[in-house]
Amino acid sequence: MYESLEEFQYRLDEWDASLPHEQEVKPKGNAMTQKYYCEKLLPIYIQAIHKARLRSPQNWLLQEDGDPSHGMRKKGLAQHLKEAN
């Protein structure tokens, strides 16, 4: 059994698409800093929690992942700001 050039190319394209895709590796130092987090993002979350507490006096918590810029691993700007609020 013979296949045409078009059939061969189609089969080759399918095989190529099934291969693992190349992963993008970001260079170190391209991450968010605690300073940026404390100046740009954390105040927005703190303000939202304050507004939520005014509407409903129940306990409101800020849930974060383990990103180092969130100040969970060592005491820094972010942890001081969260404790103050």
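Begin with the largest pocket of this predicted model, which holds about 240 Å³ of space. To display its walls, select the lining, which consists of 13 residues. Ile49, Arg53, Leu62, Lys82 and Asn85 are the lining residues that lie nearest the centre of the pocket. Colour the lining by class: eight of its residues are nonpolar, two are polar and three are charged. Which helix supplies the largest share of this lining? The answer is helix H2, residues 34-55, with six residues.

**Along helix H2**

Select H2 next and follow it from one end to the other. The helix contains 22 residues. From its first C-alpha to its last it reaches 30 Å, close to the 32 Å expected at 1.5 Å a residue. Pause at Leu42, where H2 has a kink of about 45°. The proline Pro43 comes shortly after this kink.

Now show the side chains of the buried residues of H2, namely Gln34, Tyr37, Cys38, Leu42, Ile46, Ile49 and Ala52. Leu42, the site of the kink, is thus among the buried residues. Ile49 is also one of them, and it was met above among the residues nearest the pocket centre. Against which helix do the buried residues of H2 pack? They pack against helix H3, residues 77-84.

**The loop between H2 and H3**

Move to the loop that joins these two helices and select His70, which lies there. Is His70 buried or exposed? His70 counts as buried because its relative accessible area is 9%, below the 20% limit for that class. Leaving out residues up to four places away in sequence, His70 touches Met32, Tyr37, Glu64, Asp65, Ala78 and Lys82. Of these contacts, Tyr37 is a buried residue of H2, and Lys82 belongs to the group nearest the pocket centre. A distance label drawn from His70 to Leu42 joins C-alpha atoms 8.8 Å apart in space, although the two residues are 28 residues apart in sequence.

In the loop between H2 and H3, select Met72 as well. Met72 is exposed, because its relative accessible area of 52% is over the 50% limit. With residues up to four places away in sequence not counted, Met72 touches Glu64, Asp65 and Lys82. Its C-alpha is separated by 12 Å from that of Leu62, ten residues apart along the chain.

Pro68 is another stop in the loop between H2 and H3. Apart from neighbours within four places in sequence, Pro68 is in contact with Gln34 and Arg73. Gln34 has already appeared among the buried residues of H2. A line from Pro68 to Glu24 separates C-alpha atoms by 21 Å, across 44 residues of the chain.

**The loop between H1 and H2**

Finally, select Lys28, found in the loop between helix H1, residues 5-18, and H2. Is Lys28 buried or exposed? Lys28 counts as exposed because its relative accessibility is 87%. To end the tour, draw a distance from Lys28 to Lys75: their C-alpha atoms are separated by 22 Å, and the residues are 47 residues apart along the chain.

Key. Residues are numbered from 1 along each chain as its sequence is written. This is a predicted model: local features need pLDDT of at least 70, side-chain atom pairs count only at pLDDT 80 or more; totals for chains, interfaces and linings use all residues. Side-chain values use heavy atoms; hydrogens and water are left out. On a 1 Å grid over the protein atoms alone, a cavity is a set of points where a 1.4 Å probe fits but cannot get out, and a pocket is an open set with protein on both sides within 12 Å along at least five of seven lines; lining residues have an atom within 4 Å of a point. Grid points are joined across faces, edges and corners, and a volume is the space filled by probe spheres set on the points. Helices (H or I, at least four residues) and strands (E, at least two) are DSSP runs, numbered from the N terminus. Ala, Val, Leu, Ile, Met, Phe, Trp, Tyr, Cys and Pro count as nonpolar, Asp, Glu, Lys and Arg as charged, and the others, Gly among them, as polar. The expected span of a helix is 1.5 Å times one less than its number of residues. The bend at a residue is the angle between axes fitted to the seven residues ending there and the seven starting there. Buried means under 20% relative accessible area, exposed over 50%, partly exposed in between (1.4 Å probe, protein chains only). Contact means heavy atoms within 4.5 Å.
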